Structures are given as C-alpha cells and as structure tokens.
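This briefing is an introduction for a reader who has not yet looked at the structure. Please keep the sequence and the model side by side while reading the points below.

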Amino acid sequence: MVPPSLFPADDCAYIGVALDLPMDRLFTYRVWGDERAQADVGHRVRVPFRGRTLTGFVAAREHGTPAFKVLDITEAPDDGATLTPDLITLGGFIARYYGCSLGEALAAMVPRGVRHKGKGRKRTRVTLTSTEAADAFEERSKLSAAAARVLRRLRVTPEGFLLTDLCRAAQVSPSPVHTLAKQGVASLTVERSVSDVLEEAAREAPKTEPLSLTPDQTVCVDTLWDAVEDKRFETFLLFGVTGSGKTEVYLQAIDRCVAGGRQAIVLVPEIALTPQTVRRFRGRFDRVAVLHSAMTDAERAAAWRRIRAGEADVVIGPRSAVFAPVPKLGLLVVDEEHEATFKQQSTPRYHARDVGIVRAKAAGAVVVLGSATPALESYRNAQAGRYTLLSLPDRIGGRSLPSVQVVDRGSEDERAFGKGHISRTLEIRIGEALKAKGQVILLQNRRGYATSVACERCGWLLECSNCDVTLTFHRHDGMARCHLCGHEDRMPQACPDCALPRPAMRGVGTQTVEEELGRRFPDATVARMDSDSMVSRDDYEDVLGRFGRGAIDILVGTQMIAKGLDFPNVVLVGIISADTALALPDFRSAERTFSLLAQVAGRAGRGDADGRVVVQTLMPDNPAITLAAEQDYPKFASSALEDREAFGYPPFRRLLRVTLRAKNQGPLDARAQETQRRIVAAATSETQILGPAVPPVPRVQGFYRRHLIVKAPGPREIAAVLQALRKAPRPKQGVEETWDVDPLGTL
Ligand code: ADP
Ligand code: ZN
Ligand code: ZN
C-alpha cells in the first residue's frame, strides 16, 4: 500500500471488488496513485475485510466519492488482469442464473492456484515403509480409526498412493498420514506431475494428417466451417452413433477456427481425458493446453497464464475449462454433452454446456454439442430449431452396430439355470468370445460385493450410522462400507438383533461378478475397473494399457468403462443388470438407463469382427431397455419427451430444487416451511411448488434432509423465486439451504 499522504487528495480512485462471500454486492475500496493501474477491472486484489485479508477481483470502477468510509486495498499484486471483461460478464450471468454472488461465481471460474499464487500443492506419494514396521507399530500403539483405515489401504497397495488419493480413498485428512510417516511406518516422496506425464504423451504423439471425410462428415464439416468463418454464433447438435467419426469432425472444424487466428475449447467428461484423447488432439495441433483435475495449483496457474497470453490454440479439459481465458473464442466443443459430470455439484451449480453456450453467444463463437445419446433438453432444442441438427447415422468403415439380445432374468429357463448373476445366454456368449480370442466388457453399475447385508430371520439390515442407506460389503478387506459418507463397519458374524449367524448378502456388485467369472472361466484373465480398484489415474492407465495389449480377457466395471474406450478386439459387451438405475424414483432414470446401455453397447464391434451385446434385465418390456437394444434414440427420445411433457418436467418446465439439511429436525422443518412461504409469495400462478418433502435418502452424513421442487414455465419465473430466496436472511441453528437450478435429479 502506498501511504496516502504522498498523493494529492484527488489522486485516488474507488473500485468495486467481488469477494468470495455469499453476499450479493460488490465491496468498495480505495486505491492511490500508480496502484490504480494495478487495480483495474479484472485484476486480483487483496483487501481488508472484517479483520481478515481476502482476495477478490476488481469488477468495476466506481465514479464519484462514496458517502461512507472506505478502506484502502491491502495489495494489488499483479501487473496484468486475470479476468477479461467477457469472463466477468459471464460470472454475472452465473450469479444471476444459478443464484450466487458475483464473487462466488468468479471464485468458481478461476483456479485456486491463480487466485492465491505461491501456494503450490506438491504431488506426494505415500508408501508403506515395510510390513514389519507396520506390524510393530500396530502392536505397540493404539491406532486411531483414521490411521487404521490408512494403514489397511497401504498394506494392500505396495506401489502406494498419491497423498490426495489416499486421503480421499480412506476418507481422512492428511494428519493421520503424517503421523504414520513420523513413526516411520509410511514414507512420503515428492514425484513428477501428471502434466509432465501428459507432456510426454504429447511429445510421443505422432503428427497426423486430416483424414479424407465420408460424405456425411463432409456435410458436417462444411456447415461448421461456414459458421466459423462468418463468426456467427450458432449451436449445433452433432448427433452421431458411437464410432461415427465425430472426433474427426471436431478436429477439422477446429483446424479452420485456428487458421483464422481464434482459439477452440474442447470440453470432455473427466473420465474421457486420457492420453488416448489428448494424443489425438496433439497429433493434429501444436499448441494444445490440457487442463486436468489432477494438476497441482502451480501447474494450473501456469496453464492459465499461457492460455491468457494466447499461447494455446486448443484447450482441452473438463467442466471448468469452459472458463479458460482464451483471448478470442472461435469454437466450443462439448463432447458427450449428455454427461452428468458437466454439472457442478457445489455452489454455483452451473452446467458447463449451458454456460458455454452463453459465453459463445457473447463471443460470436460456434458451439458443437456431440453425443450418440443427446440430453433430452438438447434434442428438444434441436427439434424446436434453437440448435441446428447435424447427423452421422453410420459407423465408419461400414461397420454395423452390434446386435443386442435382451435376456429376461425372470424367465423360467433362467431361473432354472441357477443362483449366479451370469445368465445362461451370457455364459455361452462369453465362452464363444473367448474361444475366438476376442475380448469382453461386462458392466455392473454397482461396486462392492453385496449391496446389502440382512438377517433372513428378523429382517435386520446393516445400515450406515450416519445415512439412511444400507452398507455395501467389500470382499477384499471384509469391510462393509457406506457409499455416501465412507463410514465403515466390520461385517457382523451374527445378527445383532436375533443372533442368527451369518447374515445374508444380497445385491450384486462388480466384485461379485469378478468372483463368479473366476469360478466359471478359470482360464480367463479378469480385471475390475471401479472407483475401489482405480484409486489413482495410473491404475486407470495401467488397466487400459493391459486391456489394449490383450493381456486382459474380460474387463468388469461400473459406468467408468462405458465411456469413450475404443478397443477393436472387444466382440462382446454384457450388461449384468440393466435395472440398477431404472428403479430410482427420478425423472431422469429412463434417460440415464438408455444412455448408459447405448454407450456401453457402443464399445462392442469397433474392429473387424461384429459385436454382440447381451442385456440382462427383470424388465424386458421397459422401453428404455427395448429401445436401447434396438439402438433407436429418436424413438426413445419421442416417447421419453411425451412423458416429460405429461408430468411437467424439463425441457417443458424449468426446475429449481431447494435442499435443506441439519442435524436437528425441529429447526430444519421450521426453515423448510419458511422457505416454502417465501417461494409461494414470489411464484406466479403457473408455477408449481412441491414439498417440503423428505427426499428418497432422508439422512446423509448425519444430516436430516428436506427438499422443495419448484416447477415453472420458464427461466424468468425461476429467477424471480431465486431473487426472493437470496433476499431472505441466511438460515440459522445449523440449517443449510442450497439452491439447484436445472437440477440433474431430485434424489
Ligand atoms: P466417435 O467420436 O464418433 O466415437 P471417432 O472420431 O472416434 O468416432 O471415429 C471412430 C474411428 O473411425 C476412429 O478410429 C477414427 O480414426 C476413424 N475415422 C473417423 N473418421 C474417419 C474417416 N473419414 N476415414 C477413416 N477413418 C475415420
Ligand atoms: Zn453413510
Ligand atoms: Zn435377525
């Protein structure tokens, strides 16, 4: 700070600063002399606020002299602006549309490493020093529950974990890990970063030439080129079956955008951000920046600066890459636009696709949304002419879509076949595939060994002590675990209520399937891919690498295996239970089920051999299943859209979901009633208000929950309700209230 006395009294300016606080206003501060250039709009500033120093962004210059006492800023540390004016405008949209302050929106847009420079997070690997050291330590001291969880994981994983992964997997803070290190049980080493590894993948990426396009691809690329050259905002829905060559269309459209001196952003679901994907883009373009959730703060800050300086032509990343500060956005691609990971699950709960369209509109840029199973909202927008539909109806190289067989698990034949989870049909198909030296992918969208543990005599259920859900039994370490909060219990030897020994295990998870395969196909090599077995990115790359080399015959996994994998030798895809998602009481259940089945079916038959798919279900007549089997998205979409219209769900109505949670139910219900009255007062007569009600999972992590669902004809009515909620005093007595505009679900 420059001492004010050095300057004449008029040598100061007032600025409006957006702070990361849930307060819907800018805060006025004063800057002096030369500091004014350092504290211009878009710059980062450090300011005093109620006895603390906070970092914020200058959002406006204020004119005139305020009528109240104004403090000086503490520091304006940067020469250049972090945010461009268009990003500040976009932050304003997010604040209004999703209901948060501008400061909160900007904080979600700018990576932490850029907001708070110099606090780089290191990549620390944790390994067990030796089993003996661990045994000795366990013998001489009483371990905390957290330390015990850490130790148990380290014992079974010789290569160790990244500290962040370990903390997440064991649900602990870093301190028990550091305690173990101090005791000589664990060792910590700092290692090479993921971006180094990705850089390496890039250097290895051989340069590729544009492919000569099929007639369908040519139509798409020509149409996109026209729009890109005209610098005309337009949103395209590229509806193309899996393997139809969508990525090649993106690459050639981006080429034209880059040649015209503008930049492209490519959003992909986190899980699709593999070296495989990155190599395809790096093979075509020299200046590609990759953003990744595993990057350290310092790496992310460096990438942000490069992008901001215009040194990257193409930016690839997950959801948050929609905020990449490219100077001239020309093209935005959202690949697999239907994916749920594009919606942020904390404040502000923005959807990267929708925010991206707003950004592109302001920039005069072209948007391409790509999917084999578009979100019903997007499909409807294309039908209504708001988006332009581009289609790639066929697979490249005349390959046919796999043939799908639906197996009714409830049929007499199947019931007679036995107790396992693999039907007679699926077993025969697996046998044939293995005999032909083909590979198999099996999907079971639940992890663990048994999804519930119950007493067969008295009906007792092993439940989480913090949440109203059953614990899932995991066989490898004999623990029962809550998939919502991570709570763990030992598996009881007998029912605690009636003492009947050996409680029954029900419900099939990936571990059950893995075990059954081991029994039925003892000669096959089986690998499992779910969030239990894939603790770090390296595990993921490792399994995919081995699968690609043919060292694995059967890959069993959760939805993790459904996306983007392109392995030509996969001749069979089996879906163990297509009903897992369908049973959920949510308006998107059918859409989710259809899309998951269609995506995973698309993994089969990508090479020369034809692909087969076997779908096991107890609901063989459900349209989400029969139409996924026929791979008829348009027919599914029209039937699902009819339902949405009849029941008043998106895209025909707009939703706002208000969720409240608290440890005590008294204040929770009182606040829920108050919120309901506020909504009623602000809502129009066409707006419907459901609740307050108890959500399907009434208690999570020890918090009781209530929710309200507002269904309105359009965004304006939702905005009015949000406005009223934002004006209300924050809840007290430990109640938390969150607002979710365009929620992905209502569970
Ligand atoms: P999608 O993104 O729709 O799943 P991809 O772009 O991955 O499809 O294409 C599937 C396969 O077809 C890839 O191996 C790709 O290299 C190849 N391919 C795409 N377009 C062409 C083309 N015009 N000529 C030859 N091969 C192509
Ligand atoms: Zn729990
Ligand atoms: Zn019992």
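A residue counts as buried when its relative accessible area is under 20%, as exposed when that area is over 50%, and as partly exposed in between. The model shown here is a predicted one, and the points that follow take up a loop residue, a zinc site, a helix with its surroundings and a pair of packed helices.

**A loop residue**
- Asn-664 has a relative accessible area of 49%, and it is therefore classed as partly exposed.
- The place of Asn-664 in the chain is the loop that runs between strand 27 (654-662) and helix 23 (665-682).
- Although Asn-664 and Gly-734 are separated by 70 residues in sequence, their C-alpha atoms are 8.0 Å apart in space.

**The zinc site**
- The zinc ion (ligand 3) has as its protein donors the SG atoms of Cys-455, Cys-458, Cys-495 and Cys-498, which lie 2.3 Å from the ion.
- The angles among the 4 donor atoms run from 102 to 118°, and the site of the zinc ion (ligand 3) is tetrahedral.
- For comparison, the ideal angle for four tetrahedral donors at a metal is 109.5 degrees.
- Along the sequence, the donor residues of the zinc ion (ligand 3) follow the spacing C-x2-C-x36-C-x2-C.
- Distant parts of the chain are linked by the pair Cys-455 and Cys-495, which are 40 residues apart, with Cys-455 in the loop between strand 18 (450-454) and strand 19 (472-474) and Cys-495 in the loop between strand 21 (488-490) and strand 22 (504-508).
- Cys-455 counts as buried because its relative accessibility is 4%, and Cys-495 counts as buried because its relative accessibility is 3%.

**Helix 14 and its surroundings**
- Helix 14 (residues 352-363) has 12 residues, which at 1.5 Å a residue should span 16 Å, and this agrees with the 16 Å between its end C-alpha atoms.
- The buried residues of helix 14 are Ala-352, Arg-353, Val-355, Gly-356, Ile-357, Arg-359 and Ala-360.
- Among the elements against which the buried residues of helix 14 pack are helix 2 (85-98), strand 9 (234-240) and helix 15 (376-383).
- Gly-364, just after helix 14, takes a positive phi of about 65°.

**Two packed helices**
- Helix 6 (residues 145-156) packs with helix 8 (residues 174-182) at an angle of about 70°, and their axes are 9 Å apart.
- Angles of 65 to 115 degrees count as roughly perpendicular, and helix 6 and helix 8 are therefore roughly perpendicular to each other.
- Ala-146, Ala-147, Val-150 and Leu-151 of helix 6 make the contact with Pro-176, Val-177 and Leu-180 of helix 8.

Terms used: Residues are numbered from 1 along each chain as its sequence is written. Chains are lettered from A and ligands numbered from 1 in the order in which they are written. This is a predicted model: local features need pLDDT of at least 70, side-chain atom pairs count only at pLDDT 80 or more; totals for chains, interfaces and linings use all residues. Side-chain values use heavy atoms; hydrogens and water are left out. Donors are N, O and S atoms within 2.8 Å of the metal (3.2 Å for Na, K and Ca); water is not among the atoms, so sites may look incomplete. Four donors count as tetrahedral if all angles lie between 85 and 135 degrees; four count as square planar and six as octahedral if opposite donors are over 155 degrees apart and all others between 65 and 115; anything else is irregular. Helices (H or I, at least four residues) and strands (E, at least two) are DSSP runs, numbered from the N terminus. Buried means under 20% relative accessible area, exposed over 50%, partly exposed in between (1.4 Å probe, protein chains only). The expected span of a helix is 1.5 Å times one less than its number of residues. Contact means heavy atoms within 4.5 Å. Axes are lines fitted to C-alpha atoms, for helices over the stretch in contact, and angles run from 0 to 180 degrees between N-to-C directions. Angles under 35 degrees count as roughly parallel, over 145 as roughly antiparallel, 65 to 115 as roughly perpendicular and the rest as oblique.
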